[in-house]
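Good morning, everyone, and thank you for coming. Please have a look at the structure on the screen, and I will then take you through its sheets, strand by strand.

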Amino acid sequence: MGVSILADSNSKQMSAATLPNLIAEHPTIHQRRNELARVMECLSSMCDTLEPGARIPSHLHLMRQFNASERTVLRSIEELQRSGRLVRRAGSGTYVANTSGTATVEQTSPEPATRPRLTEPIRAGHGSDACQSIVVVASHDNSYLSRGIELIYDRASDYGIPVSYELPRIELIDALCVRNDANNRGFLVLGSNRYDLCLRIHATGARVVFVGSISDDIDIQFPCVNVNSAHGGYIATEHLIHLGHRHIGIVQPTSIPRYWGHESAVKAATEQGTVVTTSQITREQLEHWQTNTAEAGEYFSAPGHPTALCAWNDHDAIMLLTLLQCAGIRVPDDVSLVGYDDIAQARSVTPTLTTVDSKIEDRVRIALDILVQPLSQAPPCTHLVQPRLVVRASTGPRVL
């Protein structure tokens with residue numbers, strides 16, 4: 001069953017004035033009071049560091065950041081609203097209040113460049129066919145898809161749209177599609193190889209938006225939000241070629257647009273007089289190296305070995321980074337390494353990982369903006385998002 005993330009706005013809140021009397025009656029009240037004081041102090045400090053009008057993170061983010069319960073975080077926000085430190089704007093979010101009288105709550109401060117914020121608010125449609133709740137259908141993978149699920153919860157909950165989560169199991173989805181309120185429910189499906197599931201949902205008359213890859217020859221029947229994978233492969237390979245690498249290993253299957261992007265970059269370099277070769281590193285070979293590190297060292301030490309690698313995703317790239325380091329191969333001095341997706345771990349490994357940001361934030365924003373509109377305003381088409389290269393320490397010039 002789906003798990004709703006919306007707080008119960010009608011639940012009774014304990015008054016701070018009654019806490020001292022209740023502590024003697026219930027031994028856990030003291031712990032809750034300490035947690036509330038801690039979170040309020042942290043949130044107050046956050047307000048001090050932000051400009052008036054800056055939007056604070058959602059309560060789900062704050063729960064994780066402060067390691068606190070939902071009740072404590074929500075109450076802390078309410079307390080700071082009552083004290084005039086925060087201002088809640090219906091349909092938009094919670095902002096640092098303008099205590100000086102010189103700024104307006106419409107002003108916002110950008111988040112760090114490492115994590116682009118979802119800039120535009122959702123403006124939900126109205127009417128009998130408007131979407132009033134969302135079902136996220138995806139598999140948790142502890143990285144990219146999980147990040148997408150988290151973003152959907154955060155963004156939708158900020159604007160009062162109930163969200164539930166389901167695994168991509170046909171029997172569960174079928175049951176949801178036949179319920180009486182199906183016409184006002186939207187399905188947002190994430191991940192590769194889920195197009196057929198979206199077709200099944202669409203056939204029931206329910207609204208659905210797909211965030212994933214589809215073939216160019218498919219006749220689109222509902223909105224899809226995709227990333228230009230061919231361009232992602234191109235910019236990763238182009239970056240390595242510009243660094244002087246002339247033999248690039250590609251860790252991925254060959255029947256996908258991203259591989260065509262790799263090959264297009266190689267072809268463009270060849271047309272300009274630069275000879276570049278590529279080698280395929282199969283998943284079986286990669287898995288074999290995990291238990292035979294010495295063979296990986298021999299492969300990358302042999303004459304003519306690839307001096308750079310394009311991994312299928314950041315997880316594979318981080319695994320390769322560890323494997324190469326164990327084999328005595330230095331990154332990026334001996335081999336440069338590029339990942340894909342720009343997950344959080346890409347910024348915490350050593351060396352930090354050069355990768356391709358596949359814009360999951362933008363894709364979620366677009367998908368939700370489509371989903372919450374009336375059906376008549378969501379034509380069947382593909383929205384293509386352009387990825388970007390994020391250059392960090394795992395790539396460097398080819399040393400001859």
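Before we begin, one term is needed: a residue is called buried if its relative accessible area is under 20%. Please also keep in mind that what you see is a predicted model.

Let me start with strand β4, where Val163 and Tyr165 point one way while Ser164 and Glu166 point the other way, and all of them are buried. The general background is that in a regular strand the side chains alternate between the two faces of the sheet.

Where does β4 belong? It is part of an open sheet of six strands, which are paired in parallel and follow the order β4-β3-β5-β6-β7-β13. The edges of this sheet are formed by β4, residues 163–166, and β13, residues 382–385, each of which pairs on one side only. If we ignore direction, neighbouring strands here are turned against each other by 20 degrees on average.

On this sheet packs helix α6, residues 170–177, which touches β3, β4 and β5, and the direction of the helix makes about 160 degrees with that of β5.

Now let us look at the pairing at each edge. Strands β3 and β4 pair in the parallel sense over four bridges, and within this pair valine 135 stands opposite serine 164 of β4. At the other edge, β7, residues 224–227, runs parallel to β13 and is joined to it by four bridges, with valine 227 standing opposite valine 385 in β13.

We can now turn to another sheet, an open one of four strands, again with parallel pairing, in the order β9-β8-β10-β11. Here β9, residues 277–280, and β11, residues 336–338, stand at the edges with a single partner strand each, so one side of each is left without a neighbour in the sheet. From one strand to the next, the twist averages 25 degrees.

Inside this sheet, the parallel strands β8, residues 247–250, and β10, residues 308–310, are joined by three bridges, and isoleucine 250 has cysteine 310 in β10 as its bridge partner.

Across β10 and β11 lies helix α12, residues 314–326, which runs at about 160 degrees to β11. Let me end with one residue of this helix, aspartate 316: is aspartate 316 buried or exposed? Its relative accessible area is 9%, and because the cut-off is under 20%, aspartate 316 counts as buried. Leaving aside neighbours within four places in sequence, aspartate 316 is in contact with Arg283, Leu286 and Ala311.

Terms used. Residues are numbered from 1 along each chain as its sequence is written. This is a predicted model: local features need pLDDT of at least 70, side-chain atom pairs count only at pLDDT 80 or more; totals for chains, interfaces and linings use all residues. Side-chain values use heavy atoms; hydrogens and water are left out. Two strands pair if DSSP finds at least two bridges between them. Helices (H or I, at least four residues) and strands (E, at least two) are DSSP runs, numbered from the N terminus. Axes are lines fitted to C-alpha atoms, for helices over the stretch in contact, and angles run from 0 to 180 degrees between N-to-C directions. Contact means heavy atoms within 4.5 Å. Buried means under 20% relative accessible area, exposed over 50%, partly exposed in between (1.4 Å probe, protein chains only).
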